[in-house]
Amino acid sequence: MSDRTLMLTLTVATSLVGCSPEEASPMPEPQAVISQAGGFHVQWQPSVAPLPLNESFDATLWLKTSADGTPIEGARVSIDCRMPAHRHGMLQEVEVTDEGQGRYRVLGLLCHMVGHWVLHVDLTRGAVTERAQFDLIVE
């Protein structure tokens, strides 16, 4: 084996060591809250932990009724993330997709500053909109 081949083999082997599944960050545990008026339960699970600073990330929401735990499908779900201390929100719009059985995919969340953020989950069914909130910390 030539020195050049040995060096290339060692470089590739070294770079693969950090790619093992055991070292990958586990998905964060879902967090759950009840909406402010008590009409629905929501769980949210971001795609990464910790929440990244000024980098887009995605999340999954699970929505169900408070009355009997039935998954909420086909609702209009709006997401915003706000920074109360600075009185502003995200710099981009997110996309929410209903995946069925009460599961919603949120694409394009972005918290561009360090600090306390509040994730608003607004659920509209008919003429009624109800909000649930999650407190987030970006470091």
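Which side chain makes a polar contact with the side chain of Thr60? Hold that thought for a moment, everyone, while I set the scene.

This is a predicted model, so local features need pLDDT of at least 70, side-chain atom pairs count only at pLDDT 80 or more, and totals for chains, interfaces and linings use all residues. Residues are numbered from 1 along each chain as its sequence is written, and side-chain values use heavy atoms, with hydrogens and water left out.

Let's start with the overall layout. The protein chain has one helix and nine strands, where helices (H or I, at least four residues) and strands (E, at least two) are DSSP runs numbered from the N terminus. The order from the N terminus is α-β-β-β-β-β-β-β-β-β. Of the 139 residues, 34% are buried; buried means under 20% relative accessible area, exposed over 50%, and partly exposed in between, with a 1.4 Å probe and protein chains only. If we take contacts (heavy atoms within 4.5 Å) between residues at least 6 apart in sequence, 55% of them join residues at least 24 apart.

Now back to the opening question. The partner is Arg105, whose side chain meets that of Thr60 at 2.8 Å. By polar contact I mean a pair of N or O atoms within 3.5 Å; within protein, one must be able to donate a hydrogen and the other to accept it, and residues adjacent in sequence count only if both atoms are side-chain atoms. Thr60 sits in strand S3 and is buried, at 5% relative accessibility. Beyond its neighbours within four places in sequence, its contacts include Gln43, Trp44 and Tyr104.

What does S3 pair with? S2 and S3 run antiparallel and are joined by seven bridges; two strands pair if DSSP finds at least two bridges between them. Within that pairing, Gln45 has Thr60 as its bridge partner. On S2, five of the seven residues are buried, so this strand is largely enclosed by the rest of the structure. S2 also pairs with S1 (residues 31-34), antiparallel, over four bridges, and there Gln31 is matched with Trp44. Five residues lie between S1 and S2 in their hairpin, where Gly38 takes a positive phi near 85°.

Trp44 comes up again in the largest nonpolar core. That core has 28 residues, and Trp44, Leu109 and Val121 touch the most other members. The term covers buried Ala, Val, Leu, Ile, Met, Phe, Trp, Tyr and Cys residues joined through side-chain atoms within 4.5 Å. Strands that each supply at least two core residues include S2 (40-46), S3 (57-65) and S8 (115-125). As for Val121, its contacts outside its neighbours within four places in sequence include Phe40, Leu63, Ile79 and Phe134.

That takes us to the other sheet I'd like to show you. It is open, has four strands in the order S5-S4-S8-S9, and pairs them antiparallel. S5 (88-89) and S9 are at the edges with a single partner strand each, so one side of each is left without a neighbour in the sheet. Seven bridges join S4 to S8, and Cys81 has Leu119 in S8 as its bridge partner.

One last residue: is His120, in strand S8, buried or exposed? His120 is buried, with a relative accessible area of 12%. Its side chain makes a polar contact with that of Arg131 at 3.2 Å, and His120 is also in contact with Ser78, Asp80 and Gln133, among others. Thanks, all!
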